[in-house]
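Trainee: Could you take a close look at one part of this model with me? I would like to follow a single contact first and then see its surroundings.

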Amino acid sequence: MSAPTLSPGLLPAPVSLQPATGTFPLTDGTPVRTDPALAAAARWWRRTTEAAFGVDLPFVVGDGAADSPSAAPGGAPGGAHRANVTPDDAARPGVTLALDASRPAGGYRLEITPQAVLLTAADAAGAHAGVQTLRQLAGPQAYRTAPVAAAPGTPASTVHLPALSIEDHPRFGWRGVLLDVARHFLPTREVLRFIDLAAAHKLNVVQLHLTDDQGWRMQVHRYPLLTEVGGWRTESNVGTWRTGVFDGRPHGGFYTQDDLREIVAHARERGVVVVPEIDAPGHVEAAVAAYPFLGTRKTPHTVRTTWGVSTEVLDPSDEALEFFTNVLDEVLDIFDSPWIAIGGDEVPTTLWRENPAIVALAEQRGLADVADLAGWFLARLSEHVTAQGRRAVVWDEGFGEQLPRDVVVTAWRGFTVGADALEAGNDVVMAPEQVVYLDHRAGDGEDEPVPVGFLRTVEDVLAFDPFPPEVLAQHPGLDAAPGRLLGAQAEVWSEHLDSPRRVDYAAFPRLAAFAEVVWSPTAERTPGGPASAEFLARLEQDHLPRLDAAGVEYRPLDGPKPWQQRPGVHGFLRHLDQEMAAGGYAGVGGWIEGRDASSEGQA
């Protein structure tokens with residue numbers, strides 16, 4: 001294959017890149033040596049590169065003992081002494097991954113000369129980021145799973161990496177994307193593929209939305225009906241729930257605990273943390289269908305088939321609390337994430353207020369209002385998570401006086417609530433629906449499939465700022481707040497994404513723009529400005545070919561292809577300028593009880 005240009009079009013853009021003269025040829029027999037602490041990243045890159053280009057790259061861990069038939073599982077040399085690899089090893093030909101404590105956390109330095117490749121990082125996270133850069137430098141073919149350039153029986157083409165020097169580190173520690181598998185189930189292989197794509201964009205958190213009104217997707221040994229009953233529904237809304245149109249087609253599926261352990265291990269080997277989400281005390285109709293005693297009505301019913309916000313929420317009883325803590329025990333056993341998401345969003349209190357026993361329960365617990373039961377319930381779940389050495393994560397409705405300060409708040413309804421949580425001392429992940437909800441429409445044309453929510457183009461997502469100037473003006477001194485801004489997260493809700501193809505269309509290429517925001521240095525990226533134009537050129541010329549090679553069916557920049565459209569399926573449009581005019585950033589955001597019953601809810 002021909003050597004790539006010296007302007008490799010990396011995405012997200014690195015902190016600095018200095019091109020040099022020449023290329024490094026990656027051929028059969030090129031050794032890949034790594035410090036044991038960085039071996040997972042090195043192993044992943046070596047296997048991916050061998051598969052894509054048909055080359056054989058001997059693997060060396062530490063002191064030079066290479067893979068052999070006696071190697072231990074996962075490519076580690078069986079019984080070999082593992083010594084540290086140092087930057088001095090760059091003098092040896094080949095590809096070297098070495099530890100360097102002077103590098104920033106999560107960052108790396110990459111030096112490519114015609115003789116050698118040296119990747120140094122302070123930690124495994126930096127190594128994972130660095131090998132994703134190496135993959136991009138090898139060209140779009142690196143995103144295929146088998147060679148296509150060479151004819152059968154002929155030698156593989158030589159891979160040329162451009163000589164250069166890169167210094168790079170992330171802007172934020174939490175660079176996340178949520179994947180909703182509760183509304184529309186995705187097979188395990190598709191979840192693994194989505195994790196691969198997240199890692200390819202240097203995103204390091206995938207929040208897996210496992211439970212909701214429309215389906216329960218995680219096997220729980222103690223409560224088998226959660227998946228036997230709650231894991232499927234009789235039919236699904238087609239388009240917005242307002243039209244009352246259904247497809248008449250049963251939908252279901254769930255992940256066994258072994259499936260989930262596979263997902264966790266797959267992500268770990270790519271530097272990605274999977275954050276599981278079990279939603280409570282709202283969005284629980286699937287659980288209540290399986291175990292009616294959990295609900296406020298106590299009557300049998302089926303799993304919800306419509307979208308929107310359900311009034312059926314948990315009876316916040318001691319029995320329900322015990323049930324969900326038991327569920328969380330199994331979650332904690334499967335997932336190694338430092339964070340466990342427990343929901344807390346969209347909890348209508350209608351049925352609570354109509355139930356004298358629940359009103360009395362609120363009084364018994366010393367709460368000023370029955371609505372405070374939601375916060376009480378979340379606080380107890382979060383304490384259970386904390387007792388197991390993890391941290392709970394809640395949606396911003398869960399933020400309040402009852403919420404322990406060690407709980408992370410994901411601000412989805414707007415920017416102001418995130419600022420409030422920081423000032424109160426909670427760490428925050430910014431995920432405002434006004435910008436980074438990727439199920440919202442990406443274009444304003446009539447050919448856009450199931451257009452819902454705000455119009456958010458690639459340029460709009462690229463211009464995302466976790467705290468716009470208007471919010472900072474209302475919250476002076478936010479940088480010194482007791483809480484920390486951990487980072488940001490994009491969301492891919494799946495009410496209207498009923499297949500992997502639709503997930504691809506909604507997520508990409510806007511997720512690439514989000515990745516640039518959360519990884520690359522702060523910049524002025526106003527739509528239409530120079531930085532935005534440069535990004536779009538880099539996206540179109542360099543990155544979309546990578547997505548093509550990876551088989552991603554993204555939304556074309558000029559609009560959907562005919563087979564990506566959904567004629568006759570109605571969405572529900574929202575207009576950011578109108579909502580901003582009505583209340584500014586403090587008044588925009590999501591479902592609010594007692595406001596407008598027509599809200600689509602979180603998605």
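Is Glu 553 buried, exposed or partly exposed?

Mentor: Happy to, and please keep in mind that this is a predicted model. Glu 553 counts as partly exposed, since its relative accessibility is 28%. Buried would need a value under 20% and exposed a value over 50%.

Let us look at its partner next. Glu 553 makes a salt bridge to Arg 501, and their closest N and O atoms are 2.8 Å apart. This pair connects distant parts of the chain: Glu 553 sits in the loop between helix H17 (530–549) and strand S22 (572–573), while Arg 501 belongs to helix H15 (residues 500–507), 52 residues apart. Arg 501 is partly exposed too, with a relative accessible area of 48%.

This pair has company, as a search of the whole structure gives 32 salt bridges. One of them joins Arg 183 and Asp 212, with 3.3 Å between the closest N and O atoms. Arg 183 is in the loop between strand S9 (174–180) and helix H3 (188–200), and Asp 212 is in strand S11 (residues 211–212), so the bridge ties together parts that are 29 residues apart in sequence. Here the surroundings are buried on both sides: Arg 183 has 2% relative accessibility and counts as buried, and Asp 212 is buried with a relative accessible area of 2%.

A further bridge brings together the side chains of Asp 318 and Arg 365, at 3.0 Å from N to O. Asp 318 is in helix H7 and Arg 365 in the loop between helix H9 (356–364) and helix H10 (372–387), so to speak two distant parts of the chain, 47 residues apart. The two ends fall into separate classes, with Asp 318 exposed at 55% relative accessibility and Arg 365 buried at 18%. There is also a network of salt bridges, which links Asp 100, Arg 103, Arg 109, Glu 111 and Glu 167.

Helix H7 is worth following from here. Helix H5 (residues 257–268) packs with helix H7 (residues 318–334) at an angle of about 45 degrees, and their axes are 9 Å apart. That angle makes H5 oblique to H7. On the H5 side, Gln 257, Leu 260, Arg 261 and Val 264 meet Glu 330, Asp 333 and Ile 334 of H7. The residues of this contact comprise three nonpolar, one polar and three charged.

H7 also takes part in the largest nonpolar core, which has 114 residues; Trp 216, Leu 226, Phe 324 and Phe 514 touch the most other members. H7 gives the largest share of this core, nine residues. Leaving aside residues up to four places away in sequence, the contacts of Phe 324 include Trp 216, Ile 278, Val 284, Leu 294, Leu 314 and Leu 381. Another core, of 38 residues, lies apart from the largest one, and has Val 32, Val 95, Ile 112 and Leu 161 among its residues. In soluble globular proteins, nonpolar side chains tend to be buried together.

Finally, the whole chain puts these details in context. It has 18 helices and 22 strands, and buried residues make up 58% of its 603 residues. Of the contacts between residues at least 6 apart in sequence, 72% join residues at least 24 apart.

Note on methods: Residues numbered from 1 in each chain as written. Predicted model: local features only at pLDDT ≥ 70, side-chain atom pairs only at ≥ 80, totals over all residues. Heavy atoms only, no water. Axes fitted to C-alpha atoms, helices over the stretch in contact; angles between N-to-C directions. Helix = DSSP H or I, 4+ residues; strand = E, 2+ residues; numbered from the N terminus. Parallel < 35°, antiparallel > 145°, perpendicular 65-115°, else oblique. Contact = heavy atoms within 4.5 Å. Nonpolar A, V, L, I, M, F, W, Y, C, P; charged D, E, K, R; others polar. Salt bridge = Lys/Arg side-chain N within 4 Å of Asp/Glu carboxyl O. Buried < 20%, exposed > 50% of the residue type's maximum accessible area, 1.4 Å probe, protein only. Core = buried A, V, L, I, M, F, W, Y, C linked by side-chain atoms within 4.5 Å.
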